[in-house]
Amino acid sequence: MYIGCHLSASKGYLAMGKQAIELGANTFAFFTRNPRGGSAKEIDEKDVEAFLKLAKENNFGKLVAHAPYTMNACAEKENIRQFAIEMLKDDIRRMEYTPNNYYNFHPGSHVGQGAEKGIEMIAEVLNMVLKPEQTTTVLLETMAGKGSEVGRNFEEIKAIIDKVELKDKLGVCLDTCHIWDGGYDIVNKLDEVIAEFDRVIGLDRLKAIHLNDSMNDIDTHKDRHEKIGQGHLGIDAITRIINHPALKDKPFILETPNDEAGYAKEIALLKSLSN
Ligand code: FE
Ligand code: FE
Ligand code: ZN
């Protein structure tokens, strides 16, 4: 299986690769820039080169980079939306230093404009930033539906994809905590939820999984991640998720509240539960 967690990008790619290996991981996630601010470090080509070699030698799966939380492609304020466009353009450019990986982002929050308007604005931004020559696949993350988040169900994700021209550059990252909080019963009806994803979006779009337990019950739209096996999903449901035929070959990224030792433990546990 491909499993990893969020790592700090402050020491560069090679440092993340080495840390991933120490934790027992063979993929990882990282913020492309300060998750709350927006500043980005310029890329050191030697560092990237050394990382790519290490990743190849250790059979790493695809990386799942994460855009900053502050990015809002459907902000009502034009300057905030412009900032999102600039960040996306620059992140996609920088992702090409590590070709053929994934770049995940939260579609946005429509803040009172309505989901339909939000969907339109997000697609418009994607049509501005996606390039035919890019090797990076941009992933829309399934959201918990907290506040005015767009992407609160499979239909909203599909509606964005439908409006984007370069669809082959787009995929979906399924967050298990978010869809549970969003009302999808992956504890008791995993097969049905996956069938619904296939019917609405298409399983060919599913590229990565954010593997998180949830502090809250189904349909609560809270988005509070819990450690694996300690939340409302529980270890049995999580075991079924990591072994499901439609999911098991995707990169699983942990975004659980853990320190390094905690992540290493979760990674070891999940590997032991993977068939
Ligand atoms: Fe996320
Ligand atoms: Fe997530
Ligand atoms: Zn979350």
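**Exercise 1. Establish whether F154 is buried or exposed, and describe its ring partner.**

Step 1. F154 has a relative accessibility of 1% and therefore counts as buried (buried is under 20% relative accessible area, exposed over 50%, partly exposed in between, with a 1.4 Å probe and protein chains only). This is a predicted model, in which local features need pLDDT of at least 70, side-chain atom pairs count only at pLDDT 80 or more, and totals for chains, interfaces and linings use all residues. Residues are numbered from 1 along each chain as its sequence is written, chains are lettered from A and ligands numbered from 1 in the order in which they are written, and side-chain values use heavy atoms, without hydrogens and water.

Step 2. F197, also at 1% relative accessibility, counts as buried.

**Exercise 2. Describe the pair of F28 and F51 and then that of F154 and F197.**

Step 1. Nine aromatic pairs are found in the whole structure (ring centres of Phe, Tyr or the six-membered ring of Trp within 6.5 Å; planes under 30 degrees apart are stacked, over 60 edge-to-face, the rest tilted).

Step 2. F28 and F51 are edge-to-face, with 5.7 Å between centres and 70° between planes. F28 lies in the loop between α1 (13-22) and β2 (29-30), and F51 in helix α2 (residues 45-57), 23 residues apart (helices, H or I of at least four residues, and strands, E of at least two, are DSSP runs numbered from the N terminus). Both F28 and F51 are buried.

Step 3. F154 and F197 are edge-to-face as well, at 5.1 Å centre to centre and 75° between the planes. Because F154 is in helix α5 (residues 154-162) and F197 in helix α7 (residues 190-200), the pair ties together parts 43 residues apart in sequence.

Step 4. Ring pairs also join Y13, F28, F30, F51 and F60 into a cluster.

**Exercise 3. Which protein donors hold the iron ion (ligand 2), and why is their arrangement irregular?**

Step 1. The donors are E141 (OE), D175 (OD), H210 (ND1) and E255 (OE), 2.0 to 2.2 Å from the ion (donors are N, O and S atoms within 2.8 Å of the metal, or 3.2 Å for Na, K and Ca; water is not among the atoms, so sites may look incomplete).

Step 2. The four donor atoms subtend angles of 83 to 171°, so the arrangement is irregular (four donors are tetrahedral if all angles lie between 85 and 135 degrees; four are square planar and six octahedral if opposite donors are over 155 degrees apart and all others between 65 and 115; anything else is irregular).

Step 3. E141 bridges this ion and the iron ion (ligand 1), 3.2 Å apart.

Step 4. D175 counts as buried because its relative accessibility is 0%; E255 counts as buried at 11%.
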